[in-house]
Amino acid sequence: MALHRDIFWVGRQWAVTGAGIQAIDQRLRGVLDIEIARLWDDDLVQSRRAKPGVNVADFDKALMVARERFPQAPGSDPFVAQLEALGVIETPAVSPVVPAMRLRAEGRLARFLPQWRIRR
């Protein structure tokens, strides 16, 4: 599996991305990757750390950076936490009422206002 497009930290063997912790070596095809939702699963983390050929110091640094980047919310569903960390789910607005549009060009000359166009 290719590295996620959002890369936050790169070590020698591991990278912290928008998908979680990923092995840089693409020949592994994502076998050792850890998703954001499972960063706090200690059994999975220990099983990945125990694999032969894993640079433990680099893995621990990646785990520390990933857990700081994607903190665990107490009592939350891991899937929902992953979606919130990726920015898919936003917090609800304080007021559901849409404010009225205001014209900000009053008293200004039109030739000095920024222009906008709709691209096709």
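1. Two strands count as paired if DSSP finds at least two bridges between them. With that in mind, look at the start of the chain: isoleucine 7 stands opposite threonine 17 in β2. Please remember as you read that this is a predicted model.

2. Here is the general plan. The protein chain holds three helices and four strands, and from the N terminus on the elements run β-β-β-β-α-α-α. Of its 120 residues, 24% count as buried. Among contacts between residues at least 6 apart in sequence, 42% join residues at least 24 apart.

3. How much confidence does the predictor have in this chain? The mean pLDDT of the protein chain is 78, and 70% of its residues reach 70 or more. Among the elements, α2 has the highest mean pLDDT, 92, while α3 has the lowest, 71. A useful habit to learn here: where pLDDT is low, the predicted coordinates should not be read in detail.

4. Now for the sheet. Its four strands form an open sheet in the order β1-β2-β3-β4, with antiparallel pairing. Which strands stand at the edges? They are β1 (7-10) and β4 (34-35); each has a single partner strand, so one side of each is left without a neighbour in the sheet.

5. Let us walk across the sheet, beginning with β1 and β2. Three bridges join β1 to β2 (residues 14-17), and the two strands run antiparallel. Tryptophan 9 has valine 16 of β2 as its bridge partner. Along the chain, a hairpin of three residues joins β1 to β2.

6. The next step is from β2 to β3. Four bridges join these two antiparallel strands, and a hairpin connects them through two residues. Valine 16 stands opposite isoleucine 21 in β3, and alanine 15 stands opposite glutamine 22 in β3. The last step, from β3 to β4, is antiparallel too and has two bridges; here isoleucine 21 stands opposite isoleucine 34 in β4.

7. Strand β2 deserves a second look. Are its two faces covered or open? Both are covered: Trp14 and Val16 are buried on one side, and Ala15 and Thr17 are buried on the other.

8. What lies across the sheet? Helix α2 (residues 56-69) lies across β1, β2, β3 (20-23) and β4, and runs at about 5 degrees to β2. You can check the length of α2 yourself: at 1.5 Å a residue its 14 residues should span 20 Å, and its end C-alpha atoms are 20 Å apart, which agrees.

9. Which residues of α2 are buried? They are Asp58, Phe59, Ala62, Leu63, Val65 and Ala66, and they pack against β1, β2, β3, β4 and α1 (42-49). As you compare their numbers, keep in mind that an α-helix has 3.6 residues a turn, so residues three or four places apart point the same way.

10. The largest nonpolar core has 18 residues, and those with the most contacts inside it are Trp14, Val16, Ile21, Ile34, Leu39, Phe59 and Ala62. The elements giving two or more residues to this core are β2, β3, α1 and α2, and the largest share, five residues, comes from α2. As background, nonpolar side chains in soluble globular proteins tend to be buried together.

11. Isoleucine 21 is a good residue to click on. Leaving aside its neighbours within four places in sequence, isoleucine 21 is in contact with Trp14, Ala15, Asp33, Ile34, Leu39, Ala62, Leu63 and Ala66. You have met one of these, Ile34, as the residue opposite isoleucine 21 in β4.

12. Try leucine 44 next, which lies in helix α1. Is leucine 44 buried or exposed? Its relative accessibility is 9%, below the 20% cut-off, so leucine 44 counts as buried. Beyond its neighbours within four places in sequence, leucine 44 is in contact with Ile34 and Arg38. Leucine 44 and isoleucine 34 are ten residues apart along the chain, and their C-alpha atoms are separated by 8.2 Å.

13. Finally, a contrasting residue. Glutamine 72 is found in the loop between α2 and α3 (78-86). Because its relative accessibility is 52%, glutamine 72 counts as exposed; the cut-off for that word is over 50%. The C-alpha atoms of glutamine 72 and alanine 85 are separated by 9.6 Å, with the two residues 13 apart along the chain.

Note on methods: Residues are numbered from 1 along each chain as its sequence is written. This is a predicted model: local features need pLDDT of at least 70, side-chain atom pairs count only at pLDDT 80 or more; totals for chains, interfaces and linings use all residues. Side-chain values use heavy atoms; hydrogens and water are left out. Contact means heavy atoms within 4.5 Å. Axes are lines fitted to C-alpha atoms, for helices over the stretch in contact, and angles run from 0 to 180 degrees between N-to-C directions. The expected span of a helix is 1.5 Å times one less than its number of residues. Buried means under 20% relative accessible area, exposed over 50%, partly exposed in between (1.4 Å probe, protein chains only). A nonpolar core is a set of buried Ala, Val, Leu, Ile, Met, Phe, Trp, Tyr and Cys residues joined through side-chain atoms within 4.5 Å. pLDDT is the predictor's confidence in each residue, from 0 to 100.
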